Amino acid sequence: MELPCLKDFTLPQLEDWMESLGEKRFRARQLFRHIYVRRVTAWNECSDLSKTFRTQLEYGSRLDALRLLESHRSQDGTVKYLFALQDGQRIETVMIPDAPRTTLCLSSQVGCAMGCGFCVTGSLGLQRNLSTAEIVDQACQVQKLLPPKQKITNLVFMGMGEPLANYDAVMGAISVFTDPNGLDFSHRRITLSTVGLVPQLRRLGRESPINLAVSLHAPENGLRSQLMPVNRTHSLEKLMAACREYPLAPRKRITFEYILMGGLNDQPRHARQLVKLLEGIRAKINLIPLNPHEGCPFHRPEEEAVLHFQELVQKAGYTAIIRQSRGADIEAACGQLAARHSG
Ligand code: SAH
Ligand code: SF4
């Protein structure tokens with residue numbers, strides 16, 4: 001049987017586990033600090049724990065959930081890491097340096113069930129959900145590989161998978177990320193991107209103040225359903241109603257991601273429809289020119305169309321930023337993650 005991985009536990013869960021082992025609850029906080037603050041690699045480094053307890057941990061649990069297989073550095077400094085999971089499945093994590101920030105793009109599933117037509121991860125189908133440990137360990141392992149002075153400052157759930165389709169494991173990871181005895185990130189530095197699973201999106205609003213990004217990509221149902229099958233279940237009306245009612249802190253906005261595809265959704269009428277759709281929502285818009293992959297039936301937009309689209313959205317009073325994906329030369333850009341072995 002597989003040993004329990006300590007990175008699977010939130011602090012309250014670890015406290016319960018300690019109690020069930022006959023240990024004091026405060027041991028959990030000690031363990032958390034050893035794992036996430038001191039980043040120990042072996043229990044014999046922890047002299048404040050009794051020898052018996054250390055032995056128990058050594059033989060009864062494990063610390064790592066991922067094993068690094070490969071890493072690739074892009075000309076622009078972006079690094080893509082390929083990790084193996086215990087069962088041999090593989091995932092990718094992308095580190096994007098953008099001084100003074102270092103952003104880590106996390107995967108939440110192996111593959112994805114949502115089947116968006118423009119996304120390589122979608123073409124893999126869903127292999128399985130990641131555990132909390134497998135999400136948390138992406139941040140731990142990458143941090144260990146970075147130079148001591150370079151700290152991960154931001155976390156985004158924009159890698160492989162649909163995070164809201166793996167709600168509990170993702171929330172567990174967020175709990176470890178934000179715990180003061182864990183990795184101690186502020187909620188403001190964590191962003192979750194979703195295609196818009198409406199019930200889970202509403203639940204997220206009630207349960208966590210992290211930043212929300214919604215992948216929109218089309219301003220009307222016909223086109224959106226064609227690009228993103230999820231729209232047939234969670235229509236734009238339902239999605240936008242949930243966004244309108246989303247509990248946002250003062251001065252906070254929802255980010256809407258909009259991949260521009262040549263001739264398909266990049267025309268002035270689409271920009272006008274988009275503006276209308278966002279009416280009454282505190283929103284900012286990220287315009288992402290499509291990264292086409294082999295076999296992708298869609299095209300990159302003309303530069304002129306991108307600029308005109310941006311102008312129309314800005315004129316309506318919204319912030320609209322054109323996001324050139326980083327790391328395209330190593331297939332680390334948005335929508336390019338397939339966790340293929342290069343060797
Ligand atoms: N499943 C979630 C999060 C992962 S995808 C979601 O879809 O929101 C992260 C971002 O990459 C999304 O905005 C997604 O639409 C974008 N993306 C996917 N394929 C892309 C492509 N071919 N070109 C550019 N962006 C892409
Ligand atoms: Fe899944 Fe997001 Fe890719 Fe769609 S864009 S298939 S939801 S990972």
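**Exercise 1. How far apart are the two domains?**
Find the separation between the centres of domain 1 and domain 2 in this predicted model.

*Solution.* Start by marking the two parts on the chain: domain 1 covers 6–60 and domain 2 covers 67–330. Next, take the centre of each over its C-alpha atoms; 34 Å lie between them. Finally, look at where the two parts touch: domain 1 brings 11 residues to the contact, and domain 2 brings 17 residues.

**Exercise 2. What is buried between the domains?**
Work out how much area is buried between domain 1 and domain 2, and which residues of domain 1 lose the most.

*Solution.* Begin with the total: about 1,200 Å² is buried between domain 1 and domain 2. Then ask which atoms supply it: carbon and sulfur give 60%. Now turn to the domain 1 side, where Lys7, Tyr36 and Arg39 lose the most area to domain 2. Together these three residues make up 47% of what that side buries.

**Exercise 3. Which residues form the salt bridge?**
Count the salt bridges across the interface of domain 1 and domain 2, then name a pair of side chains that meet in a salt bridge.

*Solution.* The count across the interface is 1 salt bridge. To check a pair, use the cut-off: a side-chain nitrogen of Lys or Arg must be within 4 Å of a carboxyl oxygen of Asp or Glu. Lys7 and Asp137 pass, with 2.7 Å from N to O. Add the polar contacts: 4 residue pairs are in polar contact between the two domains. Helix α2 (residues 26–37) gives the largest share of the domain 1 side that touches domain 2, with 5 residues. Sorted by class, that side holds 5 nonpolar, 1 polar and 5 charged residues.

**Exercise 4. Why can the chain be called compact?**
Explain why the protein chain is as compact as a globular protein of its length.

*Solution.* First, count the elements: there are 11 helices and 12 strands. The radius of gyration is 21 Å, close to the 20 Å that the globule rule gives for 343 residues, so the chain is as compact as a globular protein of that length. For its extent, the C-alpha trace spans about 70 × 45 × 35 Å along its principal axes.

**Exercise 5. Where are the special backbone angles?**
Locate the cis peptide bond, and place Asp184 and Arg251 in their loops.

*Solution.* Go along the chain. The bond from Ala99 to Pro100 is cis, with omega near 5 degrees, and Pro100 sits in the loop between β3 (90–98) and β4 (101–105). Asp184 has a positive phi, near 60 degrees, in the loop between α6 (167–178) and β8 (190–194). Arg251 also has a positive phi, near 70 degrees, and belongs to the loop between α9 (236–244) and β10 (254–260).

Note on methods: Residues numbered from 1 in each chain as written. Chains lettered and ligands numbered in written order. Predicted model: local features only at pLDDT ≥ 70, side-chain atom pairs only at ≥ 80, totals over all residues. Heavy atoms only, no water. Domains from an automatic or database assignment. Contact = heavy atoms within 4.5 Å. Buried area = accessible area lost by both parts, 1.4 Å probe. Polar contact = N/O pair within 3.5 Å; in protein donor to acceptor, adjacent residues only side chain to side chain. Helix = DSSP H or I, 4+ residues; strand = E, 2+ residues; numbered from the N terminus. Nonpolar A, V, L, I, M, F, W, Y, C, P; charged D, E, K, R; others polar. Rg over C-alpha atoms; globule rule 2.2 N^0.38 Å.
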